[in-house]
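Biologist: Could you take one part of this model and look at it closely for me? I would like to see how it is built, and then how it fits into the rest.

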Amino acid sequence: MADISKIRNFSIIAHIDHGKSTLADRLILRTGGLSEREMTHGQVLDNMEIEQERGITIKAQTVRLEWNGYELNLMDTPGHVDFAYEVSRSLAACEGALLVVDAAQGVEAQTLANVYQSIEHDHEIVPVINKIDLPAADPEGVRQEIEEIIGLDASEAVLASAKSGIGIDEVLQAIVDRIPPPKGDRDAPLKAMLVDSWYDPYLGVVILVRVIDGVLKKGQQVKFMQAGTTHLIDRVGCMRPKIEQLPELSAGEIGFITAQIKEVAETRVGDTITDAKRPAPAPLPGFKEVQPVVFCGLFPVDAADFEKLRESLYKLRLNDASFSFETESSAALGFGFRCGFLGLLHLEIIQERLTREYDLDLITTAPSVVYRMHLTHSKNEPAQVIELHNPADMPDPNRIEMIEEPWIEATIYTPDEYLGPILKLCQDRRGIQKNLTYVGTGAHQRAQVTYELPLNEVVFDFYDRLKSITRGYASFDYHQIGHREGDLVKMSILVNEEPVDALSMITHRGTAEARGRGMCERLKDLIPRHMFKIPIQAAIGGKVIARETISALRKDVTAKCYGGDATRKRKLLEKQKKGKARMREYGNVSIPQEAFIAALRMGDES
Ligand SMILES: Nc1nc2c(ncn2[C@@H]2O[C@H](COP(=O)(O)OP(=O)(O)OP(=O)(O)O)[C@@H](O)[C@H]2O)c(=O)[nH]1
């Protein structure tokens, strides 16, 4: 039976490359979870292959450590804004955090965003200044920075080198001494938070839980309060990082359960698990259903790969209930899938996994957000509000009374020197500035800007633009703030008078022309010349707003004639003319696949 006063639950927060994974591995090594040999094989918490070898999957990122009679649960958190809700649930399962800062680099942008989230969860934060073995290390300077910029007392920051194993005992001791034990009542009715879940080929769906009150045991009948389902627990355990079964998990502990659940879609992050016979009076507060917010079409470059793509999507979904897909067909791209994601990075991850792990060549259509269309009644249908995920399904414009689009509030931290370009970027994307302040002092002062932005303007390439104009030094965070009316139109792209559905998009009327022009210009360079003239047009309804023309390729058929016979030359020219006419008649333009990808990669039009 676990003594709650001897439990410590913590996460590690760090800027990228400051040594989070190396430190985690060191802590596991020091407390006996792994041998030195296993450790030298690679980073435990980060490395997919190694994790698979041990029968645990990439998401199994919580490790239980034993140290001087204490039970330490180290919880890894996903690091990106798209998974903000998951991050927030993981943090809610801990009482403290190690803040790892590189002794040579100092506090960086991402550290700030992470640390503020941790502070919001009332975490006790233990600063660890890592990489003190480096010649360029300046632990004193970094200590000051932590105090000035973040406002944390860093006088007792632990000095460490995860790489060479310096200061590891001190880190463990600081966790025990400074992070408070969890609070909870073992005798109260069971209340456990569903922190994460993933599919394991051997165990089925594995659920990571934090027990708040009560006890979880094998053979117990439990109820998922939000989902309204009941399940019989067949395994209870923890990761050390190898899987270990336990008799129970009690108040304050973090561990996993399995209950013969087939799909992660049945488990929702943030749900409350309680005892079916003796339920808790109320679920834990703050449950939020995650909904995909960005949609796009995924099409196989080779039509023969359609089934393979379907199978791969099914496999990925086994482990990620937050993305959705349904079949879609496009005149230009053939059969594919309309997929929904939590955000752009989520989209990129899935796309990358399909390409890399499943060896698929894909075309992705322009990402779209979910619009709310207010429609007037028509002969056959009543007035109604519909949600639109795909510009291709745009209803008859005559019936559209109003379109609402989702808005977000974005917070950006940036070194002062990049502030100008960032403000311009936000302004160009219809942003409304809400706040501008400074955090920290001296050389490391950073600006904190808050903007309200239409999500539609962010899904294209906002994040990439932000990264490039700030050389990666800005950190960006957002949350949705509801829908607002927008002056939005569907822009179609016509190639040789034919609309190309895969290139159509919904855009703000004010930016439609610039966007349309940009698209036509890019397509002009991307579509090879044909035997006939090809107009490329951007249009709103019947009105053309931009146009480019690809001139015809004049095939020099007479070259073969050695300049001699004039009649023959004339005949050939006539034949060529006819051929041209036939081609035009069919309107058959071949657009290379790369053209779609490149055309949709929005450059900055302004
Ligand atoms: N010299 C030195 N290098 C270190 C130390 N700790 C980590 N590193 C190196 O720093 C690099 C980044 O370390 P990681 O542990 O992967 O950093 P991370 O924060 O997990 O990075 P991400 O996983 O990319 O977020 C690696 O090359 C490590 O070997 C240290 O104490 N001293």
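Modeller: Happy to; I will go through one sheet strand by strand, then the ligand shell, and then a few places further along the chain.

A word on conventions first. This is a predicted model, so local features are reported at pLDDT of at least 70 and side-chain atom pairs at pLDDT 80 or more, while totals for chains, interfaces and linings use all residues. Residues are numbered from 1 along each chain as its sequence is written.

The protein chain has 15 helices and 32 strands; these are DSSP runs numbered from the N terminus, with helices being H or I of at least four residues and strands E of at least two. Our sheet is an open one of six strands, ordered E2-E3-E1-E4-E5-E6, with mixed pairing. Strands E2 (62-67) and E6 (158-159) sit at its edges, each pairing on one side only. Two strands count as paired if DSSP finds at least two bridges between them.

Let us settle on E4 (96-102). E4 runs parallel to E1, with five bridges joining them, and phenylalanine 10 has glycine 96 in E4 as its bridge partner. E4 is also parallel to E5, this time over seven bridges; there, leucine 98 stands opposite valine 126. Is E4 buried or exposed? Seven of its seven residues are buried, so E4 is largely enclosed by the rest of the structure. Here, buried means that 20 or more other C-beta atoms lie within 10 Å of the residue's own, exposed means 12 or fewer, and partly exposed is in between, with C-beta atoms placed from the backbone. In a regular strand the side chains alternate between the two faces of the sheet. In E4 both faces are covered: Gly96, Leu98, Val100 and Asp102 are buried on one side, and Ala97, Leu99 and Val101 on the other.

At one end of the order, E2 and E3 (residues 70-75) pair in the antiparallel sense over six bridges. Within that pair, threonine 62 has methionine 75 of E3 as its bridge partner. Helix H1 packs on the sheet, touching E1 (7-14), E2, E3, E4 and E5 (124-130), and its direction makes about 150° with that of E1. Helix H7 (residues 168-178) lies across E1, E2, E3, E4, E5 and E6, running at about 170° to E5. Contact means C-beta atoms, placed from the backbone, within 7 Å; the axes are lines fitted to C-alpha atoms, for helices over the stretch in contact, and angles run from 0 to 180 degrees between N-to-C directions.

H1 (residues 20-30) also contributes three residues to the shell around the ligand, the largest share. That shell holds 16 residues, the closest being Gly19, Lys20, Ser21, Thr22 and Lys163; a residue is included if its C-beta atom, placed from the backbone, lies within 6 Å of the molecule. Four shell residues are nonpolar, six polar and six charged, where nonpolar covers Ala, Val, Leu, Ile, Met, Phe, Trp, Tyr, Cys and Pro, charged covers Asp, Glu, Lys and Arg, and polar the others, Gly among them.

Now the wider setting. The chain is divided into domain 1 (4-178), domain 2 (191-275), domain 3 (294-365), domain 4 (371-486) and domain 5 (490-600), with bounds from an automatic or database domain assignment. Of the 606 residues, 43% are buried.

Further along, a cis peptide bond joins arginine 240 and proline 241, with omega about 0°; proline 241 lies in the loop between E12 (235-239) and E13 (243-245). Two non-glycine residues with positive phi make a nice pair to inspect. Glutamine 260, with phi near 50°, counts as exposed because it has 12 C-beta neighbours inside 10 Å. Asparagine 496, with phi near 55°, lies in the loop between E28 (488-495) and E29 (498-499), and counts as buried because it has 21 such neighbours inside 10 Å.

How values were computed
Contact = placed C-beta atoms within 7 Å.
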